[in-house]
Amino acid sequence: MKKQVKTDQYQGHDYYGVDELLSEEHLLAREAVREWVKQEVSPIIEDYSNRAQCPTHLFKGLAEIGAFGPSLPAEYGCGGMDEIAYGVIMQELERGDSGIRSMASVQGSLVMYPIYRFGTEEHRRHYLPKLASGELIGCFGLTEPDHGSNPAGMETNIVRDGNDYILNGAKMWITNSPVADIAVVWAKDEEGKIRGMIVEKDMAGFSAPEIHGKWSLRASITGELVFHDVRVPAKNLFPDIRGLKGPLSCLSKARYGIAWGAIGAALDCYDSALRYSKEQMQFGNPIGQYQLTQKKLAEMITEITKAQLLTWRLGTLANKGQATPAQISMAKRNNVNMALEIARESRQIHGGMGITNEYPVMRHMMNLETVLTYEGTHDIHLLITGMDVTGLNAFS
Ligand SMILES: Cc1cc2nc3c(=O)[nH]c(=O)nc-3n(C[C@H](O)[C@H](O)[C@H](O)COP(=O)(O)OP(=O)(O)OC[C@H]3O[C@@H](n4cnc5c(N)ncnc54)[C@H](O)[C@@H]3O)c2cc1C
């Protein structure tokens with residue numbers, strides 16, 4: 001396969017000295033991931049996105065840089081770092097590509113985290129080291145064809161049969177599912193309670209066909225999960241968690257990572273636009289000399305700076321176990337929308353070149369359309385904030 005060889009000229013931007021709020025460990029983690037993205041992701045990502053293929057060979061590298069479960073305990077082979085370290089790692093990965101960050105988010109926050117939080121000690125010891133090292137790949141099955149924003153309506157179900165449960169139903173839009181060895185699946189039991197379980201790929205009656213035709217997140221593989229009378233041993237169920245709070249707590253963890261990640265995509269778009277604005281000449285001057293271009297760039301760095309501060313504060317709350325789901329919703333919604341707006345403005349600054357894969361901007365823009373929708377849509381997060389401040393539920 002022909003590789004595109006390009007130099008990644010990205011430089012971080014820190015207008016308010018937010019780096020001073022980070023520890024040496026955070027900065028070292030960021031540097032290591034930034035370097036890895038420059039070496040392993042940037043040279044190939046346009047090509048893989050163009051061909052709508054997932055660079056699955058990067059799973060191993062992601063494991064090696066500690067991108068899978070960075071804030072889960074070291075005794076299970078995970079990173080043992082804090083929530084801000086997890087955030088800066090996601091930011092650098094998404095600076096490369098939202099799809100690459102998704103590969104890591106799903107593995108760490110939606111597969112390893114529920115196993116750590118809700119699994120038995122046997123589940124933790126058996127699965128976590130293998131997931132942290134990339135020996136096993138996981139996926140998370142919550143969304144169904146007819147139940148996205150309202151997962152409480154799910155139809156996938158389990159019925160007890162001796163020492164097993166019989167699982168039936170289908171999940172849709174599942175990141176990594178066609179290449180996953182295990183799936184964390186949420187299904188209703190006979191009492192209508194939502195239960196979580198670990199389903200392994202070779203269980204009879206289980207398949208994970210790929211979804212094709214995506215114009216967004218093209219370097220990330222997405223599929224379905226189809227269950228026809230799949231016999232799941234009762235010991236594969238998470239023993240104590242019942243109801244939506246199980247999957248929602250995993251989503252909070254992942255949304256927190258997305259809040260950081262989206263800033264990475266925004267920074268890459270800003271960085272590219274800033275450089276281009278100094279190089280591209282029109283009417284005898286660099287376009288960056290014109291007030292309308294400066295307005296765009298000034299507004300971009302203002303919004304990025306606000307998001308950096310919001311997210312750092314969220315990280316300090318998360319480290320104390322005090323970040324509420326509604327606070328995480330606010331940051332996810334704000335930062336993803338901010339990144340998408342910046343991608344659009346950056347695309348304008350690049351003129352016609354902005355629509356090509358010579359620059360990362362259009363790819364980020366297309367990716368961010370998914371990020372705006374998955375893990376709770378832009379409007380659903382608004383309603384979560386609305387409910388939090390009014391105490392009134394707009395969903396019922
Ligand atoms: C590429 C990709 C990867 C994904 N990966 C995963 C994964 O790994 N695991 C997983 O479980 N899911 C995954 N998802 C699913 C994702 O989380 C859902 O797409 C998302 O929750 C929205 O659900 P939906 O697509 O069914 O849209 P819907 O819920 O049908 O929403 C459609 C529109 O209606 C609006 N809407 C819905 N309800 C209300 C309301 N009460 N008030 C006002 N507006 C409302 C929404 O905001 C949205 O604009 C992924 C999705 C994509 C696109």
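Which helices and strands each supply at least two residues of the lining of the largest pocket? Let's walk through the answer, bearing in mind that this is a predicted model.

## The largest pocket

The elements in question are α4 (98–118), β3 (164–175), α6 (245–279), α8 (325–349), α9 (361–373) and α10 (378–390), and each supplies at least two lining residues. Among these contributors, α6 gives the largest share, with six residues.

The space they help to enclose comes to about 1,300 Å³. In total, 44 residues line this pocket. If you would like a place to start looking in the structure, try G148, L251, R255, E375 and G376, which lie nearest the centre of the pocket. As for chemical character, the lining is made up of 21 nonpolar, 17 polar and six charged residues.

## The second largest pocket

Next comes a pocket with a volume of about 400 Å³. Its lining has 22 residues, and T7, D8, Q9, E358 and P360 are the closest to its centre. Two or more lining residues come from each of α1 (24–50), α3 (83–96) and α6.

Here α6 again gives the most, with six residues. The lining of this second largest pocket divides into 10 charged, six polar and six nonpolar residues.

## Putting the two together

One helix is worth following by eye: α6 provides six residues to the lining of the largest pocket and six to that of the second largest pocket. The class counts are handy to set side by side, with six charged residues in the lining of the largest pocket and 10 in the lining of the second largest.

Note on methods
Residues are numbered from 1 along each chain as its sequence is written. This is a predicted model: local features need pLDDT of at least 70, side-chain atom pairs count only at pLDDT 80 or more; totals for chains, interfaces and linings use all residues. Side-chain values use heavy atoms; hydrogens and water are left out. On a 1 Å grid over the protein atoms alone, a cavity is a set of points where a 1.4 Å probe fits but cannot get out, and a pocket is an open set with protein on both sides within 12 Å along at least five of seven lines; lining residues have an atom within 4 Å of a point. Grid points are joined across faces, edges and corners, and a volume is the space filled by probe spheres set on the points. Helices (H or I, at least four residues) and strands (E, at least two) are DSSP runs, numbered from the N terminus. Ala, Val, Leu, Ile, Met, Phe, Trp, Tyr, Cys and Pro count as nonpolar, Asp, Glu, Lys and Arg as charged, and the others, Gly among them, as polar.
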